[in-house]
Amino acid sequence: MGIAEEYTEPSAGSRFERGLQYLWKHRQAYLLIAPAAIFLLSVVGWPILETFRLSFYESPADSTIETYVGFQHYVEIFQSDIFYQLLWQTGRWVLVGVAGKALLGLLIAIHLKGDIRGRKFFRTAFLIPWGIPYAISAVVFRWIEHPQYGYLNAILIKLGVIDQGIGILGNPEVAWLGVVVADIWIGTPFMAIIFLAGLQSIPEELYEAAAIDGAEKWEQFRYITIPQLKSVILIATLLSTIWTFVSFDTIWTMTGGGPINTTSTLVIWIYQVGLQNGNLGRGAAYSVVGFLFLLVFAVIYLRIYTRGGDEL
Amino acid sequence: MMAGQERSQLRKVRLYGVLIALLGIMMFPFYAMFSSTFKPESEIFSSPATLFPAEASIQSYIEVWAQTDVLLWIGNSFLISLGTVALTLLLAIPAAYSCARNDFVGKRSFLLAVLVVQMFAPVVLIVGLFDVITQFGIYNTYFAVIIPAAAFTLPFNVWMLYGYFQTIPESLEESARIDGASQRQILTKIVLPLTKPALVASITYTFLYAWNRLLFVLTFLTDAGKYNIPRGVFSMVGALQTDWRMMLTVSVIGILPLLVLFAFLEEYIVAGMTAGAVKE
């Protein structure tokens, strides 16, 4: 706002000179953000451009020779069966994962909301799965689901559900469920903490008034909690969708995308093609497809974040 | 009156019952991990698994020092995490301060661009990043892990500190300036001490991020002597055979420092998690 006034000041110089004067006048502000801006441009901006460039080349990771191939990677990707298989697998991975995290998170949050003795203890305990290395959670779940020595099979046998150990992660039909369970476990704490914060910001009077009007617990949940929590649910679900979409460490450690690619997702495939197989060009083209998905998420996020006027 | 009290008692019992059940589900993997590390070798490979160790033994904790590089990995994890924290703060503090105190063309774009980076998951960028890291000539050095980790924690730090700097009244700085304090003194002696909660939240977030991530170490460090904890654990997963007892023991040791962090800094971690999602 102050900017416009400065521009209307009569100035002798050209636009360019006035621009320089403006920069000089605010040099301290620009100098302070410069390191961060330059850093992000080179560590994030440059790789983005590099990804786009590489996607038009045949570029083996172990050689310096690059051959221009135009849109060949994209054409081959869209014509391949694996691409559509990956879209389907990524879709179910995100959908089931986010739904599981949201429901379990909401359940935890609702029960932590009231006047709970030892809430700090509970909150810390529920937080831990989110804060430990994904690779560690992944090996622990591999261990739990181990066909011979796993705890899951031991429990199922004890309960009489099965009489012999089953190998979930080795079975192409159900392996993804074995992985998604680990991912839900990792992602639930974030949901629970966000929902809890959201729940605590709902004024208690709303519930009191509803109780006086004779609203049942369920009705209070349906007509007060859910509407009041709407924007929190929206943001948390969106963030969780992004993180589930790009989840790498868990899948890579648990199955590496197997068996026969059934637990692979778009980002796992990027890694496998680009870095594991060393086909940088093809991997880059898959990355660009990944960018497009993230772009959609980012636009939605920014719209929600900057909604309702200028907050910056 | 009595009936009402009984009903609220009943509700309490049900509430705690559900909470403890949920806690049990969420804690079960930890139980599976911890209890397995205390089983002697003969018992851990019994099928079906025993849910409670028949005899507790700390043998695996003794063997793990001798047979694995767990100490080295922990050391590397600290090095990478602290390096990332230092670099991120060095970049984020000036940028956030500048945005909180000045109005200039490009500020809004800068802050929004930073927010977009937050969403730009490293794995989608990993192919381009691999190319750039190689061109920087830092492949297989700690910088190859610290620099990308700093880039992806910077957004959180900038926004967290930016929001907090705005709440510190400028008049405080004015009076210090009148007393003859330099800009640097104002920042280090007055502003930063007041920013402690935001700084602790930022540092914890960055530390955890760098400690927990496998991707950068997996991709950019080939030298086994530079592995961090996640990479070390990952390296113990065998194609055909895995020494589960050793691997789980390393895992337990690898999360112990984090458990200490959670116990002491839980409030700051929660503040950080909710900062972006729950608006006051």
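**Figure 1. Burial and overall extent of chain A.** Buried residues, meaning those with 20 or more other C-beta atoms within 10 Å of their own (exposed: 12 or fewer; partly exposed: in between; C-beta atoms placed from the backbone), make up 42% of the 312 residues in chain A. This is a predicted model, in which local features need pLDDT of at least 70 and side-chain atom pairs count only at pLDDT 80 or more, while totals for chains, interfaces and linings use all residues. Residues are numbered from 1 along each chain as its sequence is written, and chains are lettered from A and ligands numbered from 1 in the order in which they are written. Chain A has 15 helices and two strands, taken as DSSP runs numbered from the N terminus (helices H or I, at least four residues; strands E, at least two). Its radius of gyration is 26 Å, well over the 20 Å that the globule rule gives for 312 residues, so chain A is more spread out than a compact globule; the radius is taken over C-alpha atoms, and the rule is 2.2 Å times the number of residues to the power 0.38. The C-alpha trace of chain A spans about 90 × 70 × 35 Å along its principal axes.

**Figure 2. Helical make-up of chain B.** Chain B comes to 13 helices and zero strands. With a radius of gyration of 24 Å, well over the 19 Å that the globule rule gives for 280 residues, chain B is more spread out than a compact globule. Its C-alpha atoms fill a box of roughly 75 × 75 × 35 Å along the principal axes, and buried residues make up 45% of the 280 residues.

**Figure 3. The largest nonpolar core and helix α7 of chain B.** The largest nonpolar core (buried Ala, Val, Leu, Ile, Met, Phe, Trp, Tyr and Cys residues joined through C-beta atoms within 7 Å) has 165 residues, and those with the most contacts inside it include A:Phe195, A:Ile270, B:Ala96 and B:Leu161. Helix α7 of chain B, residues 143–166, gives the most to this core, with 17 residues. Leaving aside residues up to four places away in sequence, B:Ala96 touches B:Val158, B:Leu161, B:Tyr162 and B:Phe165, contact being defined by C-beta atoms, placed from the backbone, that lie within 7 Å. B:Trp159 is found in helix α7 of chain B and counts as buried, with 21 C-beta neighbours inside 10 Å. B:Trp159 and B:Val114 are 45 residues apart in sequence, and their C-alpha atoms are 8.4 Å apart in space.

**Figure 4. The contact between the chains.** The contact takes 87 residues from chain A and 82 residues from chain B. Helix α13 of chain B, residues 244–275, gives the most to the side of chain B that touches chain A, with 14 residues. By class, that side of chain B has 67 nonpolar, ten polar and five charged residues, where Ala, Val, Leu, Ile, Met, Phe, Trp, Tyr, Cys and Pro count as nonpolar, Asp, Glu, Lys and Arg as charged, and the others, Gly among them, as polar.

**Figure 5. Helix α7 of chain A against helix α13 of chain B.** In α7(A), residues 134–144, eleven of the eleven residues are buried, among them A:Arg142 and A:Trp143. The axes of α7(A) and α13(B) come within 10 Å and cross at roughly 145°; axes are lines fitted to C-alpha atoms, for helices over the stretch in contact, and angles run from 0 to 180 degrees between N-to-C directions. A:Ile136, A:Val139, A:Val140 and A:Trp143 meet residues of α13(B) including B:Trp244, B:Met247 and B:Gly254. By class, this helix contact has eight nonpolar, two polar and no charged residues.

How values were computed: Contact = placed C-beta atoms within 7 Å.
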